[in-house]
Amino acid sequence: MGGDYVEVAGDYIAGSGPAPHALASLPAVHGVLTGRDKELERLLALLDPTSKSGPTGTVVMSAVAGLAGVGKTTLAVHAAHRAIDRGWFPGGHLFLDLRGYEPTGQVTAGQALGALLRALCGADAELPTEPAEQAGLYRSQLAALGREKGPALLVLDSASSAAQVQTLLPGWSGHRVLVTSRHTLASLPATLIDLAVLEPADAAAVITNLLGADDPRPGREPLVLAELADRCGFLPLALQITAANLKADPQRSLLDLVDELEDEQAQLALSYTDGEQSQAVRASFELSYRRLPVEQAMLFRLLSLNPTPQVSLEAVTALTGQPPRHARQIAVGLAQAHLIEPVTEERWRIHDLMRLYSAQLAKTADHDDLADQKEALGRLLEHYRNTVAAADGHLGTLPGQTVHTRFGNRAEALAWLETEQANLVNVVSLTVATHPSTTVSVAEHLAVFLGQRRHFDDAITVARHALGAARHLDDRHGEGTALSDLSGALRGVRRFEEALTAGAEAAQIFRETGDRQGEGLALNAYGNALQGTRRFEAAIAAYHRAAEVFREDGHRQGEGVVLDSLGRALGEVRRFQEAIDAHMRAADIFGEMGDQDGGRVALINLGAALLEVRRFQEAITASARAADIFRETGDRHSEGQALTNLGAALQGVRRFEEAITASAQAAEIFHETGDQHSQAQALTNLGAALLEVRRFQEAITASAEAADIFHETGDHHSQAQALNNLGNPLREVKRFEEAVTAHAQAAEIFRETGDRHGEAQALNNFGYAVQGLRRFEEAVTAHAQAVEMFRESGDRHSAAQALTNLGNALLKGRELDQAIDAYSQAIGVFRETGDKHGENVVFNNLASAFLKVRRFRQLREVWRAVMNWEQPRDR
């Protein structure tokens with residue numbers, strides 16, 4: 001076919017010869033339009049001739065992420081047909097393929113104008129030869145058509161520039177023009193619509209619809225179908241090709257094709273041909289790439305060097321080696337070509353399939369281009385290495401210490417780390433073999449952030465890669481640091497034995513190299529792991545060694561960290577006063593150093609220790625203050641920990657509604673932050689508070705959920721605490737057998753874990769539950785054992801509670817004298833510990849005992865004592 005040709009609705013006509021008179025030339029629609037309801041409705045609203053869409057009524061539709069094959073033409077044709085079916089365009093409709101991205105045969109503005117004029121005036125009409133005259137005639141013909149017949153619709157498909165369509169825009173505002181392009185044609189007087197890839201469910205539906213209702217494979221393999229759509233990048237072109245290949249091979253399973261597309265290059269090579277037409281993902285991308293200016297093409301090839309699809313202006317600046325302003329211009333150009341998608345003003349994202357294409361181009365580059373890539377990668381890694389070090393400096397810096405000026409404050413540094421986390425983690429993973437020193441450096445500066453934000457899975461990945469890189473470099477300091485960081489991260493996911501091994505190895509390396517500060521931190525990590533395995537005495541010994549190391553080295557901040565850890569371990573072995581002293585010393589040190597983060601954590605732990613010695617008001621003050629501070633600083637997880645302690649302390653002063661509120665808030669925070677274990681601890685407290693206000697079913701729900709979570713996370717000791725709590729509301733709703741089972745299971749777990757105090761609590765509750773089954777002898781035995789265990793552990797208040805229950809069981813078993821003795825002992829302890837509520841409860845029980853044995857004089861004395869008792873206000 002010789003000469004210049006354009007296509008009007010599928011008919012090729014000579015650009016310089018006569019053209020047919022065609023005012024009904026839209027291509028037919030095929031199939032169902034899937035996943036574009038919102039875009040279709042918006043487009044129809046703009047096409048409506050009665051709407052006020054702009055001075056020219058023009059609509060320009062472009063594609064987000066610059067993806068050829070995103071479905072621009074399909075949407076445009078569907079919208080045009082829908083508009084015509086509504087009778088909006090009595091003046092007619094024209095479709096013109098401008099072939100703006102074809103390597104040859106692109107339609108010029110003049111060719112397009114001539115073709116449209118012939119369509120309007122008739123194939124045999126004599127047309128002016130001057131472009132300006134042709135444009136004037138074109139506008140006048142459209143205006144006359146509008147006046148005589150009404151609005152017309154012009155669909156201009158695949159325009160590569162505004163110049164291609166500028167002269168084709170009608171002057172009469174009633175007409176509508178719909179343009180599709182891979183570029184953002186911002187200079188056109190038009191409303192811009194960006195089209196994104198499909199949502200996952202819609203993408204899967206495209207494959208299903210194209211295969212047809214008779215094809216059983218989508219219904220048979222729904223999960224595989226979803227994976228297949230994902231492998232296609234949710235890109236309509238790739239989805240259509242995939243469906244065509246499956247339709248051509250009815251015996252092929254979806255899983256087989258998914259396995260084939262596991263190879264990234266196979267995803268990019270997706271193609272289909274049936275002898276008449278062909279489709280290919282890579283070829284479609286190539287048409288867009290070939291039109292790029294040199295600098296944009298270079299950046300496009302370099303983008304695959306970035307660790308993830310998202311790239312910042314700083315990274316683009318590093319890749320291009322250009323000043324930021326010029327680098328931004330290059331990136332904006334790529335975004336306007338829709339080869340990348342803007343995320344923010346200074347951040348962009350590239351689609352997965354387009355990124356594969358970029359990487360393929362980079363790999364097949366010539367020698368000079370490869371050298372440029374190597375230099376660009378070096379600049380990029382230097383950017384990430386230097387900036388993460390600057391950000392890390394703000395996380396642990398104390399007042400008076402110098403920090404990098406890259407970030408104005410800690411909040412800015414944290415915001416950057418949150419945004420770049422994926423890139424930084426991938427930098428560590430991708431540089432182990434090629435740039436191991438970068439691996440070690442980035443990992444070291446990323447560790448504090450990942451730990452504070454509880455990104456433990458990433459922290460483990462980063463530490464393991466850093467460990468391998470440090471050993472490759474024979475970097476003993478880096479090896480010890482990676483092991484210490486790994487120990488902390490493993491503890492965060494409750495892999496305590498592995499954490500122990502890593503912490504011990506780290507301490508040994510630092511000891512051998514004479515790094516006292518590193519040794520102290522490693523010993524602290526080792527002690528934390530020991531606590532996780534409930535080896536508290538060994539943990540205490542490790543903390544004492546660490547504190548001694550820090551004192552000898554003059555490292556006050558490190559000493560404060562270890563003292564706070566020591567306090568937690570001392571609390572676990574019920575050496576509460578020592579624990580309080582340790583936390584207060586830690587808080588003092590943090591105050592001296594100006595370490596606000598350390599001081600807040602010490603405040604949380606101090607509140608927990610005060611709670612155990614029934615200094616409830618002080619515990620409330622410390623916990624509430626910590627919660628307020630963490631709320632102000634945006635540390636949600638630490639706020640949750642403080643609220644957990646606050647809820648428990650409020651229960652101690654019988655402010656149960658407030659306790660419920662605090663515990664519920666803590667549980668919600670931990671749910672949001674993904675910390676299941678801490679969520680279960682908050683739920684345990686919540687269940688106990690709900691029990692006190694007789695909301696038994698809610699208490700059962702909270703305690704059961706906590707027990708399930710602890711079981712799933714492998715914390716059997718905490719599971720026993722939750723089971724012990726669960727039994728109490730079960731008993732209250734007279735589900736005695738279930739209550740007995742829960743308390744018995746709890747007692748067994750406590751016994752296995754060596755927690756005598758916990759076992760005593762479970763036995764006390766077990767005895768209370770079996771009383772409901774009138775098994776009084778078992779109850780007496782259980783309560784008596786609990787009393788002895790509490791006395792052994794030095795918990796006199798809990799012993800008094802067990803004595804009360806023992807008295808109840810004896811009274812019901814008609815052992816009246818023994819019951820009176822138990823009650824009398826309980827009253828004495830409650831009086832000594834200042835628990836007037838407990839004292840009053842026992843007085844009531846004692847009065848019942850005296851009444852049964854007709855000791856009226858003692859009964860009157862008890863009654864007077866009860867009447868004179870003043871219940872503390874519920875503050």
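Helices here are DSSP runs of H or I with at least four residues, strands are runs of E with at least two, and both are numbered from the N terminus. With that in hand, select Phe234, which sits in the loop between α8 (222-231) and α9 (236-248).

A word on the model before going on. It is predicted, so local features need pLDDT of at least 70 and side-chain atom pairs count only at pLDDT 80 or more, while totals for chains, interfaces and linings use all residues. Residues are numbered from 1 along each chain as its sequence is written, and side-chain values use heavy atoms, with hydrogens and water left out.

**Stop 1: two loop residues**

Stay with Phe234 and look at its backbone: phi is positive, about 60°, although the residue is not a glycine. Is Phe234 buried or exposed? Its relative accessible area is 18%, so Phe234 is buried. The cut-offs are under 20% relative accessible area for buried, over 50% for exposed, and partly exposed in between, using a 1.4 Å probe and protein chains only.

Now jump to Lys734, in the loop between α33 (716-732) and α34 (736-753). Lys734 also is not a glycine, yet has a positive phi of about 65°. With a relative accessible area of 63%, Lys734 is exposed.

**Stop 2: the whole chain**

Zoom out for a moment. The protein has 40 helices and 12 strands. Of its 875 residues, 52% are buried. Contact means heavy atoms within 4.5 Å, and among the contacts with a separation of 6 or more, 65% are between residues 24 or more positions apart.

**Stop 3: α18 against α19**

Show helix α18 (residues 410-430) together with helix α19 (residues 436-452): their axes are 10 Å apart and the packing angle is about 130°. That angle makes α18 oblique to α19. Axes are lines fitted to C-alpha atoms, for helices over the stretch in contact, and angles run from 0 to 180 degrees between N-to-C directions. Under 35 degrees counts as roughly parallel, over 145 as roughly antiparallel, 65 to 115 as roughly perpendicular, and the rest as oblique.

The crossing of α18 and α19 is left-handed; that is, the near helix is turned anticlockwise from the far one by less than a right angle, whereas clockwise would be right-handed. To see the contact, display side chains including Leu414, Leu417 and Leu424 of α18 and Val442, Leu446 and Phe449 of α19. By class, the contact of α18 with α19 has 11 nonpolar, four polar and two charged residues. Here Ala, Val, Leu, Ile, Met, Phe, Trp, Tyr, Cys and Pro count as nonpolar, Asp, Glu, Lys and Arg as charged, and the others, Gly among them, as polar.

**Stop 4: α20 against α21**

Move along to helix α20 (residues 456-473) and helix α21 (residues 476-492), whose axes come within 8 Å and cross at roughly 160°. This makes α20 roughly antiparallel to α21, and their crossing is left-handed. Among the residues that meet are Ala459, Ala463 and Leu467 in α20, and Ala482, Leu486 and Ala489 in α21. The contact of α20 with α21 divides into 12 nonpolar, two polar and four charged residues.

**Stop 5: salt bridges**

How many salt bridges does the structure hold? There are 46, each a side-chain nitrogen of Lys or Arg within 4 Å of a carboxyl oxygen of Asp or Glu.

Select Arg347 and Glu420, whose closest N and O atoms are 2.7 Å apart. Arg347 lies in strand β12 (residues 347-349) and Glu420 in helix α18, so this salt bridge ties together parts that are 73 residues apart in sequence. Both Arg347 and Glu420 are buried.

Next, try Arg535 and Glu497, a salt bridge with its closest N and O atoms 3.8 Å apart. Arg535 is in the loop between α23 (516-532) and α24 (536-553), and Glu497 is in helix α22 (residues 496-513), 38 residues apart. Arg535 is partly exposed at 39% relative accessible area, and Glu497 is partly exposed at 49%.

For a pair within one helix, pick Glu788 and Arg791 (3.5 Å, N to O). Both lie in helix α36 (residues 776-793), three residues apart, about one turn of the helix.

**Last stop: Asn805**

Finish in helix α37 (residues 796-812), where you will find Asn805. Asn805 has a relative accessible area of 10% and is therefore buried. Which residues does Asn805 touch, not counting those up to four places away in sequence? Select Asn764, Tyr768, Gln771 and His783 to see them.
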